[in-house]
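Q: Could you take me on a close look at one part of this model? I'd like a single connected walk through it, with the contacts and salt bridges around it.

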Amino acid sequence: MLILDASGSMWAQLPEGRSRIEVARDVLDDFLRARQRAAPARRTAVPCPDGGTGCEAFQTTAFGRVIADVVADDKGRPRSVRLSGGREFRLSYGDFGIMPPPWSVR
């Protein structure tokens, strides 16, 4: 998710003569154009962290640098994420039953 501050203070002039909003728009435009040129992540079949099968590994990148190594399950959900700094996170997904609201049950 990207958030662009469009408050009144963003119209303030910078020393170079441009407004803050103009600079922010240019940076956002450059970022989006770079993302369009990015090659899709190459996915490789790997064992799942919980011992299951059907997982895939891939890397996420930004501005040409690897940010994280990700292992996703057969539904595409991340199961383990190792950040470029070395920290690793493991994720699990429970099975949740959907209950109708009490007023709809007759």
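**Around strand β4**

A: Let's start with the pairing: β4 and β5 run antiparallel and are joined by 3 bridges. Bear in mind that this is a predicted model. One of the bridged pairs is S80 with R90, the latter sitting in β5. The two strands make a hairpin with 4 residues between them, and in that turn G86 has a positive phi of about 105°.

Now look at the other partner of β4. Strand β3 (residues 65-72) pairs with β4 in the antiparallel sense too, over 5 bridges. A72 has P78 of β4 as its bridge partner. Here again there's a hairpin, this one with 5 residues between the strands, and G76 in the turn has a positive phi of about 85°.

With the strands in place, zoom in on R79, which belongs to β4 (residues 78-83). R79 counts as buried because its relative accessibility is 17%, and the cut-off for buried is under 20%. Setting aside neighbours within four places in sequence, R79 is in contact with V71, A72 and D73, with F89, R90, L91, S92 and Y93, and also with P49 and D50.

Follow one of those contacts, F89, into β5 (residues 88-90). F89 is partly exposed, since its relative accessible area is 34%. On the surface, F89 joins L83, L91 and Y93 in a nonpolar patch, and together they have about 310 Å² of accessible area.

Another contact of R79 is D73. D73 is buried, with a relative accessible area of just 6%, yet D73 forms a salt bridge with R77, where the closest N and O atoms are 2.9 Å apart. R77 itself is partly exposed at 29%.

Then there's the nonpolar side of things. The largest nonpolar core has 5 residues, namely F58, A68, V70, A72 and V81. β3 supplies the largest share of this core, 3 residues. Take V70 as a way in: not counting residues up to four places away in sequence, V70 touches P78, S80 and V81, as well as E56, A57, F58 and T60.

E56, one of the residues V70 touches, leads on to another salt bridge. The side chains of E56 and R43 meet there, at 3.4 Å from N to O. That pair links distant parts of the chain: R43 is in the loop between α1 and β1 (44-46), while E56 is in strand β2 (residues 55-62), and they are 13 residues apart. Both ends have some exposure: R43 is partly exposed at 44% relative accessibility, and E56 is partly exposed at 31%.

How many salt bridges turn up in the whole structure? The search finds 7. Another of them is R18 with E16, whose side chains meet at 3.6 Å, N to O. Of these two, R18 counts as partly exposed at 30% relative accessibility, whereas E16 counts as exposed at 56%.

One last stop is V23, in helix α1 (residues 20-37). Neighbours within four places aside, V23 is in contact with E16 and R18, and with L14 too. V23 counts as partly exposed because its relative accessibility is 24%. V23 and M10 are 13 residues apart in sequence and 9.5 Å apart in space, C-alpha to C-alpha.

How values were computed
Residues are numbered from 1 along each chain as its sequence is written. This is a predicted model: local features need pLDDT of at least 70, side-chain atom pairs count only at pLDDT 80 or more; totals for chains, interfaces and linings use all residues. Side-chain values use heavy atoms; hydrogens and water are left out. Buried means under 20% relative accessible area, exposed over 50%, partly exposed in between (1.4 Å probe, protein chains only). Contact means heavy atoms within 4.5 Å. Patches are made of residues with over 30% relative accessible area and no salt bridge: like charges are joined within 9 Å, nonpolar side chains (Val, Leu, Ile, Met, Phe, Trp, Tyr) within 5 Å. Accessible areas come from the Shrake-Rupley method with a 1.4 Å probe; for residues, only the protein chains shown count as cover. A salt bridge is a side-chain nitrogen of Lys or Arg within 4 Å of a carboxyl oxygen of Asp or Glu. Two strands pair if DSSP finds at least two bridges between them. A nonpolar core is a set of buried Ala, Val, Leu, Ile, Met, Phe, Trp, Tyr and Cys residues joined through side-chain atoms within 4.5 Å.
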